[in-house]
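Visitor: I am new to this structure and would love a close look at a single part of it. Could you pick a spot and walk me through it slowly?

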Amino acid sequence: MATRPDAHIDADPALAQTLTPEEIDFLRVDARSLANDADTLVLALIDIRAGRWDQRDTTDYGPHEGPGAGQRQRMQNALLAADELLPRAEALRAWALHGLHEHHGASHTEIAAMLGVARATASSRWRALERKRPGMWDWARGIEEDSDVCDTESVGVIVEDHQGRILIADRTITPWGAACPAGHAEGHGLPAPRPGVPDQRAHRAAAVGELAEEVGLHVAAEELELVAHGWRDNRCGRRLRPEAPAGHWWNVYRWRAPRDWSGDLRLAPDEDANARRCAPDDLQELVSRTIDHAHGRLTEAEFRSRPGIEPVWVQWLRDAGYVRVATVDLDAIEALAATPPADVEES
């Protein structure tokens with residue numbers, strides 16, 4: 001008896017602890033689609049091995065008329081199945097490579113041995129993944145493929161060295177400002193976090209992922225200390241889903257670097273520039289610039305050309321004890337953070 005395409009889902013009761021019933025239903029649809037495409041390609045393989053595609057046959061059923069109509073339909077089915085399956089298979093391969101390299105510390109030599117390829121080939125595949133994720137990367141995670149839509153969940157990491165300085169970089173995309181590594185929570189190896197529920201595994205996975213993506217730091221999830229959590233009305237550069245609240249649930253962590261940390265970084269140039277470690281006095285000067293912008297004493301162009309702290313980060317840094325901000329100034333900064341960037345479309 002053939003195994004049902006989604007039998008693995010029913011055999012994994014732990015899924016219910018991380019996925020909602022709706023997410024499991026979507027998983028079933030994708031599992032069946034994968035299985036159906038693979039089944040179609042198996043039938044194609046049988047036909048090819050039997051020589052049935054070497055010349056037109058005499059079948060005349062299907063949407064086409066005349067000799068070979070059925071054969072043509074099977075070839076069309078195989079073509080469509082391959083077009084559907086190949087990008088999904090590439091995404092799954094990329095996730096496996098990502099997991100082996102990032103979370104299990106597998107070297108290029110070890111990955112090459114697993115694949116039976118040259119080390120240079122394994123290294124090349126990893127560099128390609130670092131440069132650009134495959135098109136179906138988000139599909140494998142079960143999230144919407146429209147990265148221009150906000151998921152209202154954010155994570156950030158305060159990286160502190162042994163001298164008490166923290167790592168910041170200037171954002172090269174909206175919202176402008178100097179900030180700690182941060183980003184939206186989806187797409188980092190675990191089911192999307194449930195809104196408003198702090199410090200789940202998914203949030204920690206997202207924080208680890210943002211550190212790796214934005215500044216090239218690789219840390220273990222258990223090394224992260226949750227220092228702040230809550231809703232903020234800050235707007236990002238993405239569009240809102242219909243009826244979605246305007247803002248983000250935040251989980252902010254701290255990673256205290258070991259004394260021998262060199263601070264070597266690999267920035268994501270499409271997101272960050274000018275990474276540096278700032279002492280509290282330097283941070284306070286940057287906050288003063290954000291205060292001036294919030295009160296209208298600096299234009300957006302002036303702030304962008306020489307940024308202060310990104311508005312949403314001022315409160316997090318204050319709450320963590322790195323800077324001082326008067327209430328009246330913080331209120332103005334919060335209003336600035338809640339203002340949509342000029343290029344954001346309202347849904």
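Guide: Let's start with Val42, which counts as partly exposed because its relative accessibility is 45%, a value that falls between the buried limit of under 20% and the exposed limit of over 50%. Please keep in mind that this is a predicted model. Val42 sits in helix α2, which covers residues 21-49. Together with Leu43 and Ile46, Val42 makes a nonpolar surface patch of about 270 Å². A general point about helices helps here: an α-helix has 3.6 residues a turn, so residues three or four places apart point the same way.

For contrast, turn to helix α10, residues 311-319. Seven of its nine residues are buried, so α10 is largely enclosed by the rest of the structure. The buried ones are Pro311, Val312, Trp313, Val314, Gln315, Trp316 and Leu317. Just after α10 comes Gly321, with a positive phi of about 90°.

Finally, let's look at empty space inside the model. There is one cavity of 30 Å³ or more, and the largest cavity has a volume of about 40 Å³. Its lining includes Leu167, Ile168, Ala169, Glu214, Val215 and Asp272. Two elements, β2 (166-171) and α7 (201-215), each give two or more residues to that lining. The largest share, three residues, comes from β2. By type, the lining of the largest cavity divides into seven nonpolar residues, two charged and no polar.

How values were computed
Residues are numbered from 1 along each chain as its sequence is written. This is a predicted model: local features need pLDDT of at least 70, side-chain atom pairs count only at pLDDT 80 or more; totals for chains, interfaces and linings use all residues. Side-chain values use heavy atoms; hydrogens and water are left out. Patches are made of residues with over 30% relative accessible area and no salt bridge: like charges are joined within 9 Å, nonpolar side chains (Val, Leu, Ile, Met, Phe, Trp, Tyr) within 5 Å. Accessible areas come from the Shrake-Rupley method with a 1.4 Å probe; for residues, only the protein chains shown count as cover. A salt bridge is a side-chain nitrogen of Lys or Arg within 4 Å of a carboxyl oxygen of Asp or Glu. Helices (H or I, at least four residues) and strands (E, at least two) are DSSP runs, numbered from the N terminus. Buried means under 20% relative accessible area, exposed over 50%, partly exposed in between (1.4 Å probe, protein chains only). On a 1 Å grid over the protein atoms alone, a cavity is a set of points where a 1.4 Å probe fits but cannot get out, and a pocket is an open set with protein on both sides within 12 Å along at least five of seven lines; lining residues have an atom within 4 Å of a point. Grid points are joined across faces, edges and corners, and a volume is the space filled by probe spheres set on the points. Ala, Val, Leu, Ile, Met, Phe, Trp, Tyr, Cys and Pro count as nonpolar, Asp, Glu, Lys and Arg as charged, and the others, Gly among them, as polar.
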